[in-house]
Every structure is written in structure tokens, then in C-alpha cells.
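Student: Could you take me through one part of this structure closely, and then set it beside the rest of the chain? I would like the cut-offs behind the terms as well.

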Amino acid sequence: MTTETLRRRLVPAVALLLLAPWTAECSWGGFTLTGMPFVVLVLAPMYGGAALLIRETARRLGLGWPGIALLAAAFGVVQAGLVDQSLFNPGFLDDTEFADTRAVAEATLVPGLGFSARQAVDYVGNHVALTICAPIALVESYLGAGRRSRPWLGRPGLVVAALLWLGGSLLVFADDGGRKGFLASPVQLAFATGVALALVAAALLRHRHAGPAPVAPTSAGPTLAGPSPVGRRHTEAGPPRPVWPALVVVVAYLGSTVAPGWPGVALALALAAVAAVVLTRWSRRPDWGQRHVLATGSAGLVVAAALAYTAPTYAPASPAAALIGDVAISVIVLLLVGGAWWRVSARATRDRRRAAAPAGHPASPPA
């Protein structure tokens, strides 16, 4: 492997390794600007390692974005149920500025298992949207079409990513500030393990029974499924504008917070199910592209950055420090999403020009 090839593989992997902890813990306002670098470095092995493993597994096995989302949910259960065990620890947030949320969480306790359904939805949902899907969609959008769907790591890289995730998880589990001295019961640990394994199995079985993915038509000719008869009308609708899948995510994200108690949990689950069905159907339409993926994957991140102005930091902070951190979050998210959108649009424009150029003629004048 040449140095250039190694660099092209490692750069996006390192970018995902560092971006995942930032989107997971900083993008919604949990830390001030000065605390963000420390959070990224300490949590990069756990969050970044998991994001890399999920992304590489999905791309190697062809699981697609539904598979990524299911694996992300499994990671969320493992993280909150087995690693820091915040899902089962009623006092996990008592030493933070979120201590007043305990009463709201206890209103939806699941009998016999001792965890809050409200917190389960929030913890797992945020891991899916912010920890895994958003950073993967962003980093892949900065790459060319061929590199988005290909693995970045070989077997040695996968081993390193796995060791980073395991080491980072063990560090949080063993640290008093990570698990906060709490240990879930065997029944709770078995429940979390079973749910996580079921989600992993769902991702793998869904791919096994889904069949071949539809092939989008190109401007250069008929689809790979075969030529269309002359005069045949194409009635299959194309995908919506990217703003529509983004709005679906925004509605699901915001709608999950509007009602308290069990009605709120039911509403959140219903909105998530509807969003999953709608987005899956839209993604199967011809010409669903990276702009749609970017809009869908970054919508939750944009909403989280906007809500950061209303969220307290974990530790007490002055109003000025909190505001500076929130403004920095807005700037970082706008730069990340705006840059990714520009890259995707520029590549799409260049590809269209190449496809439209006559044979033997360059699509653009040489530099």
C-alpha cells in the first residue's frame, strides 16, 4: 500500500474518530468551549472507535443506512446499559446541572427493570442521531462517491478500532466519574445485553432478506436492470428535495420532547417509526443521492446545536462562558454542514458536466 493510499484511508478514519465524541457530547451544549478539547480526546476511543466499527461493518457487509441506524441503536444500549450504566442509575445526573430531570425520568419507570423509558428513548435516540449517523454522514460527504461506500480500514485498522472502543469503554466503566460507583443488577445487565444483541441481529437479518438494492438510472443510458422499451413511460417517482427528509428528522427530533410521561414516550416511538419508514421508502427511489443523506444525517445535529442555547452545561458555568460555547457550537456546525454541502454539490455538478460532455471532449477546460 502506497503512502498516498494509506493517507486517503486514514484521514477520514481519524476525522470520524474525533468528530463522533464532539457531536455526541458537545454539539448540544453539554460543555463550555474550553472543556471541549478534553472531552474529545478522552472520549474519542469509545465514541469514535464505535463509529468507525459500525461504519466499517456496514460498508463491508452492505448493510446501508438502515443497518447503520440499527447498529447505532445497539451501541446506545450498550453504552447506557452496560458501560456507564446511566440507564439504570437513578442518581447518574444528580451531581450535574440536570439533577432536576430525575422526577421527570422516574415518571416512566419500567416495572421490574428499574429504568426510565423516557431516558431510554433520549439516550439511545441521541446516540443514533448524534454519535453515529451525523458524523458518518458528514465525513462521507467530504469524500468522492467511490470512497463513501468503500471500507477505509484493513484488518489491522479494524483491530485497532475495536481495541480503542473496548479500551475506552473499560476506562469509563472503571472510572468513578464514569459509572459513578453504580453497578446494575444481573437482570438489568442481561436485559441490556439481550436488547443490544437483538438490534445487531435485526441489522444483519434485514440485510439478508432485503434483496438487491435498486439501481438508479444515470444520464449516460438505461439502468443496469435492463434497457427500457421504446416509448415506455417511467412512473416511478424520484426522491423529494433534500429539505423534506431533513424536515422529517426535525419533526421526529422535536416532536419527541413535546409531551411528558408515557404519552411522550409513545409519541417519540411513533414519530421514530414513521420517520424510519418514510426515509427508507424515499431512499429506494431513483436519484436518491448524497445530498439527501447529508440532509437527513445532519438535521438532528443542526437542531441539537440550536437547542444548545437552552441547555445547561453538565458543570456550573458562567453565563458568558456558556454563551461563548453555544456560539462556538453554532459556528462549528455551520462550517461542518456547509462545507460538506458545498463538497457534495461541487462534485455533483462536475459529474453532470462530465456526463454531458461529448465523447473525446473535456467537460471543462484544462487548468
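Tutor: Happy to; here is a close look at helix H7, followed by its surroundings. This is a predicted model, in which local features need pLDDT of at least 70, side-chain atom pairs count only at pLDDT 80 or more, and totals for chains, interfaces and linings use all residues. Numbering starts from 1 along each chain as its sequence is written, and side-chain values use heavy atoms, with hydrogens and water left out.

Helix H7 covers residues 155-174; helices (H or I, at least four residues) and strands (E, at least two) are DSSP runs, numbered from the N terminus. The end C-alpha atoms of H7 are 28 Å apart, which agrees with the 28 Å that its 20 residues should span at 1.5 Å a residue; the expected span is 1.5 Å times one less than the number of residues.

Now to its two sides. Ala161, Gly168, Ser169 and Val172 of H7 are buried, where buried means under 20% relative accessible area, exposed over 50%, and partly exposed in between (1.4 Å probe, protein chains only). These buried residues cover an arc of only 95° around the axis, so they sit on the same side of H7; the arc is that of the directions from the helix axis to the C-beta atoms. In general, an α-helix has 3.6 residues a turn, so residues three or four places apart point the same way. Cover for the buried residues of H7 comes from elements including helix H2 (36-61), helix H3 (64-83) and helix H8 (176-179). On the face turned away from the buried side, H7 carries the exposed residues Arg155, Pro156, Leu163, Leu170, Leu171 and Ala174.

H3 also leads us to another buried site. Ser86 lies in the loop between H3 and helix H4 (102-106), and it counts as buried because its relative accessibility is 4%. Setting aside neighbours within four places in sequence, Ser86 is in contact (heavy atoms within 4.5 Å) with Ala80, Phe92, Gln119 and Tyr123.

For a contrast, turn to Tyr309, in the loop between helix H12 (290-307) and helix H13 (319-356). Tyr309 counts as partly exposed because its relative accessibility is 40%.

Finally, the whole chain has 13 helices and zero strands. Of its 367 residues, 40% count as buried. Among contacts between residues at least 6 apart in sequence, 81% join residues at least 24 apart.
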